[in-house]
Amino acid sequence: MISIKALAESPGLTSIPPAYAFTHNPNDQPVSDDPEDSIPIVDFSLLTSGTPDQRSRTIHHLGKACQDWGFFMVINHGVPESLTKAMTEACGEFFNLTEEEKREFGGKHVLDSIRCGTSFNASVDEVLFWRDFLKVFVHPQFHSPTKPAAFREISLEYSKRTRELARELLKGISTSLGLGECYIEKALNLESGLQIVAANLYPPCPEPELAMGMPPHSDHGLLTLLVQNGISGLQVQHQSKWVNVNSIPNAFVVNVGDHMEIMSNGKYRSVVHRAFVNEKATRISIATVYGPSLDTVVGPAPELVHRETNPPAYTEMKYKEYLQLQQSNQLDGKSCLDHVRISPA
Ligand code: OGA
Ligand code: NI
């Protein structure tokens, strides 16, 4: 299938092919115009090098952000801006490879360690999305496309730094759930946790209001860390409205994934989000998903469930099976979670 990059660059393109026209649900929630609606900001430096008091306040704030929004922005995180910029450029150069060069990294199966393509799952998508992607498994084994030449080294460093950041955030989140700092990393085997770097390319679109970059969905892992090339497009569902995420330069946008929802027995919920496209600028975003090890069976933490007052709300499932389920179907809100959700009696 033709990449969205090649399509967007076709000479004289003034409208989108019908296969890309998205029918907006008339019952869709409105976009918030309240300037107060903006996702919480977490100062990472207070988590790792603040006073005990600052640290405990930051952990509380982190827990509240996970509970009320499922999304937050992380500042003062220590990942060099130059590294994020280099990574964004390397991803841009990957998408600039010829169609033939990219085909080499096509990947056929959802668990292939390197996979690039267009839309989400073009074989089952009813409507195609205005997006090309590259997904690379970078932990527990590090993989990298061999082109562009500089990709490997930059991605290795970027993966390592974002993984360290995610693990520190997970320690804070684990503490905020009253589970002790190392609970999540031990229970979900983060030593061999799966980390995926997923780059998204959204070229300019002649009819942005008809197309969709990424449909409403939640992410499968524990946490996703997102950066973008300064161009907005992400919207987050919050209290029956869509909220635009206007990211602060060099901040990471972090969100709770389905496995955090399952593990916390629904206390922290994965939040539905979507990506828009625009007419003028190419947008590149890089989502780094960090989750349990593929063979870990995940269910609600026994410490958080109580037979009478807080019964388990999800059944157990191996992370690998959940991933296969989500990635082989259409991306549809939080529908994948329905496979493990226990409906109240
Ligand atoms: C994702 C995602 C949003 C964006 O890759 O899972 O939600 O803004 N991306 O690109
Ligand atoms: Ni997402």
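Visitor: What volume does the largest pocket have?

Guide: First off, this is a predicted model, where local features need pLDDT of at least 70, side-chain atom pairs count only at pLDDT 80 or more, and totals for chains, interfaces and linings use all residues. Residues are numbered from 1 along each chain as written, chains are lettered from A and ligands numbered from 1 in written order, and side-chain values use heavy atoms, without hydrogens or water. A pocket is an open set of 1 Å grid points where a 1.4 Å probe fits, with protein on both sides within 12 Å along at least five of seven lines. Filling the points of the largest pocket with probe spheres gives about 580 Å³.

Visitor: Which element gives the most to the lining of that largest pocket?

Guide: The lining (residues with an atom within 4 Å of a point) holds 22 residues, with G106, G107, C116, G117 and T118 nearest the centre. Helix 5 (99-103), strand 4 (132-139) and helix 9 (319-328) are among the elements giving two or more residues; helices (H or I, at least four residues) and strands (E, at least two) are DSSP runs. The top contributor, with four residues, is strand 3.

Visitor: Which residues coordinate the nickel ion (ligand 2)?

Guide: Donors here are N, O and S atoms within 2.8 Å of the metal (3.2 Å for Na, K and Ca). Their spacing along the chain reads H-x1-D-x53-H. At 2.1 to 2.2 Å, the nickel ion is held by H217 (NE2), D219 (OD) and H273 (NE2).

Visitor: Are H217 and H273 buried or exposed?

Guide: H217 sits in strand 6 and H273 in strand 11, 56 residues apart. Buried means under 20% relative accessible area, exposed over 50%, partly exposed in between (1.4 Å probe, protein chains only). Both H217 and H273 are buried.
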